[in-house]
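Hi,

Here is the structure I promised to pass on. Have a look at it first, and my notes on what turned up follow below.

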Amino acid sequence: MDLDEQIHWKKMIGGWARELGFVAVGFTAAEPIEDLATILQARIDQGWATPFESKEIQQRIDPQAVWPDCQTVVALAYPLPFTVSPQEGEGLISRSAVGEDYHRVVLRKVQELIDTMVNNNWLGLCRFQVDTGPLVERAFATRAGIGWIGRNQQLIIPGVGSFVTLALLLLDQELRSDDPFVFQQCGNCQKCVISCPAQIIGREPFPANKCVSYLTQSKELLTSEEISSLGLQIFGCDVCQEVCPHNQKWLEEEQTSLTVADSSSAARPSFRRGVDLVETLNLTKSEFGQRFKITAAGWRGKGVLQRNAYLALSKVKETSAKQWINVQTIANAIPPRILPYVEREQE
Ligand code: B12
């Protein structure tokens with residue numbers, strides 16, 4: 001493809017992606033990001049990596065180690081849905097885990113983008129990942145110029161913020177790279193550092209397996225300190241993004257969209273971030289499936305979510321938590337993921 005054709009395809013792909021709802025699109029060559037290897041190795045060596053990351057470092061930093069034919073990586077960002085704030089005493093779910101699982105939503109959008117490209121005579125092949133592959137998505141998105149990495153580790157898109165899902169589309173054709181985003185725009189702001197419930201932002205390398213988002217998904221036995229950092233989180237954590245100045249416009253729009261929906265009597269958006277803790281604890285397997293399996297909060301299973309609900313309930317309504325345990329004890333049915341915490345309390 002000559003340069004004019006490359007520019008034409010970039011314009012078309014960018015336009016189609018935006019029509020499909022993506023809020024940022026950037027292109028970068030399929031070259032490895034060598035310096036990232038040191039960071040990834042340090043995370044592994046110091047025991048900070050999570051089990052959700054591939055240990056194959058080359059595959060994390062080099063698109064051609066994932067797919068030898070890859071020539072270009074297209075970084076795409078899709079906005080998260082607006083949500084309704086939780087009520088007092090409810091457990092909290094992060095914005096990326098409400099509504100239909102974002103993996104499914106965005107994979108479908110990327111597939112639609114590819115279909116449009118093929119219908120318009122794109123002759124190359126494509127592969128893609130939405131949190132589902134080894135490549136470090138934020139690093140390629142930064143090099144493709146769609147945003148910068150904030151102090152809170154998030155990829156922040158100018159004028160949009162960080163409440164987005166990232167996707168990487170790999171192409172076997174060369175399309176000219178965009179300029180990488182080089183300016184970190186956090187200045188001296190320390191809001192995320194101060195607010196992080198686990199007090200880990202700013203540490204190098206980032207102790208990912210102490211992040212509250214990780215703890216809500218971890219099946220390991222949590223320490224008392226970790227339980228206290230969980231707060232009322234049931235799945236994921238948005239605190240470092242909620243306090244970020246670059247997300248305030250998005251958060252205001254989220255708030256306004258709810259007010260408009262209320263006053264126009266249109267159906268209130270169903271994406272509630274709050275969950276009733278006792279109700280969550282009492283969910284049967286099939287009720288859990290109906291309520292959570294379609295969301296991104298369902299993948300770790302009922303046991304982990306109910307453990308988090310129990311730990312949260314012990315904080316906001318200790319008596320209700322004790323009553324619930326008494327009922328389970330009589331029925332000899334304390335869930336195995338909760339039992340160690342009950343035993344610890346009784347020591
Ligand atoms: C494992 C994982 C987690 C782990 C570890 C997170 C972490 N900070 O490493 C846990 C479970 C804790 C987690 C939590 C969350 N995650 Co997560 N996670 C991932 C996953 C699968 C891999 C992350 C990873 O590789 N970490 C290793 C480090 C080294 O990479 P990184 O933090 O992603 O990126 C760093 C480098 O890219 C570096 N960098 C950037 N450019 C360059 C250039 C050079 C030369 C170098 C050297 C470095 C460098 O800066 C980044 C920040 O330090 C990615 C999907 C993917 N395949 O990438 C999603 C992903 C990063 N997660 C995402 C989200 C939304 C979240 C949560 C907000 C979810 C929630 N609400 O609870 C939280 C945020 C926690 C946080 N502050 O980071 C989004 C990020 C969206 C965004 N705007 O940035 C991703 C991209 C998934 C997606 N497709 O949307 N996550």
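Let's begin with helix α15, which covers residues 318-330. Keep in mind that this is a predicted model. With 13 residues, α15 reaches 19 Å from its first C-alpha to its last, close to the 18 Å expected at 1.5 Å a residue. Four residues in this helix are worth clicking on: Ala-321, Trp-324, Ile-325 and Gln-328 are buried. Looking down the axis of α15, you will see the buried residues fall within an arc of 100 degrees, so they line one face of the helix. The general rule behind that kind of pattern is that an α-helix has 3.6 residues a turn, so residues three or four places apart point the same way. On the other side of α15 sit Thr-319, Gln-323, Val-327 and Ile-330, which are exposed. As for what covers the buried residues of α15, the list includes α12 (277-281), α14 (302-316) and α16 (339-346). Just after α15, Asn-332 has a positive phi of about 50 degrees.

Next, the helix at residues 3-19, which is α1. This one has 17 residues and spans 24 Å from first C-alpha to last, close to the 24 Å expected at 1.5 Å a residue. Its buried residues are Gln-6, Trp-9, Lys-10, Ile-13, Gly-14, Trp-16 and Ala-17. Down the axis of α1, these buried residues fall within an arc of 165 degrees, so here too they line one face of the helix. They pack against β1 (24-29), β2 (72-79), α5 (102-119) and β7. The face turned away from the buried side carries Asp-4, Lys-11 and Glu-19, which are exposed.

Both ends of α1 have something to show. At the start, a side-chain oxygen of Asp-2 comes to within 3.2 Å of the backbone nitrogen of Asp-4. Just after the helix, Gly-21 takes a positive phi of about 110 degrees. Also in α1 is Ile-7, which is partly exposed at a relative accessible area of 39%. Ile-7 and Leu-175 are 168 residues apart in sequence, yet their C-alpha atoms are 7.3 Å apart in space.

Now the ligand, which is probably what you want to look at. There are 40 residues around the ligand, and Arg-60, Glu-137, Leu-155, Ser-213 and Cys-237 come nearest. By class, this shell has 18 nonpolar, 14 polar and eight charged residues. Several elements each supply at least two residues of the shell: α2 (36-45), α6 (137-143), β7 (164-171), α8 (212-217) and α10 (239-242).

Which atoms of the ligand have polar partners? Here are three pairs to check on screen:

- An N or O atom in the side chain of Arg-60 is 2.8 Å from an oxygen atom of the ligand.
- A polar side-chain atom of Arg-43 lies 2.9 Å from an oxygen atom of the ligand.
- A polar backbone atom of Asn-152 is 3.1 Å from a nitrogen atom of the ligand.

Arg-43 deserves a bit more time. It lies in helix α2. Is Arg-43 buried or exposed? Its relative accessible area is 14%, so Arg-43 is buried, given that buried means under 20%. Setting aside neighbours within four places in sequence, Arg-43 is in contact with Trp-48, Ala-49, Glu-53, Pro-205, Phe-206 and Ala-208.

Another charged residue to look at is Glu-254, found in helix α11 (residues 248-263). Glu-254 counts as buried, at 2% relative accessibility. Its side chain makes a polar contact with the side chain of Thr-83, at 2.7 Å. Leaving out neighbours within four places in sequence, Glu-254 is in contact with Pro-81, Phe-82, Thr-83, Arg-95 and Arg-273.

Last one: Phe-181, in the loop between β7 and α7 (191-195). Phe-181 counts as buried, at 19% relative accessibility. Not counting residues up to four places away in sequence, Phe-181 touches Thr-142, Gly-145, Ile-146, Gly-147, Trp-148 and Pro-158. From Phe-181 to Met-1 is 26 Å, C-alpha to C-alpha, with the two 180 residues apart in sequence.

Cheers

Key: Residues numbered from 1 in each chain as written. Predicted model: local features only at pLDDT ≥ 70, side-chain atom pairs only at ≥ 80, totals over all residues. Heavy atoms only, no water. Expected span 1.5 Å × (residues − 1). Buried < 20%, exposed > 50% of the residue type's maximum accessible area, 1.4 Å probe, protein only. Arc of directions from axis to C-beta. Contact = heavy atoms within 4.5 Å. Near = heavy atom within 4 Å. Polar contact = N/O pair within 3.5 Å; in protein donor to acceptor, adjacent residues only side chain to side chain.
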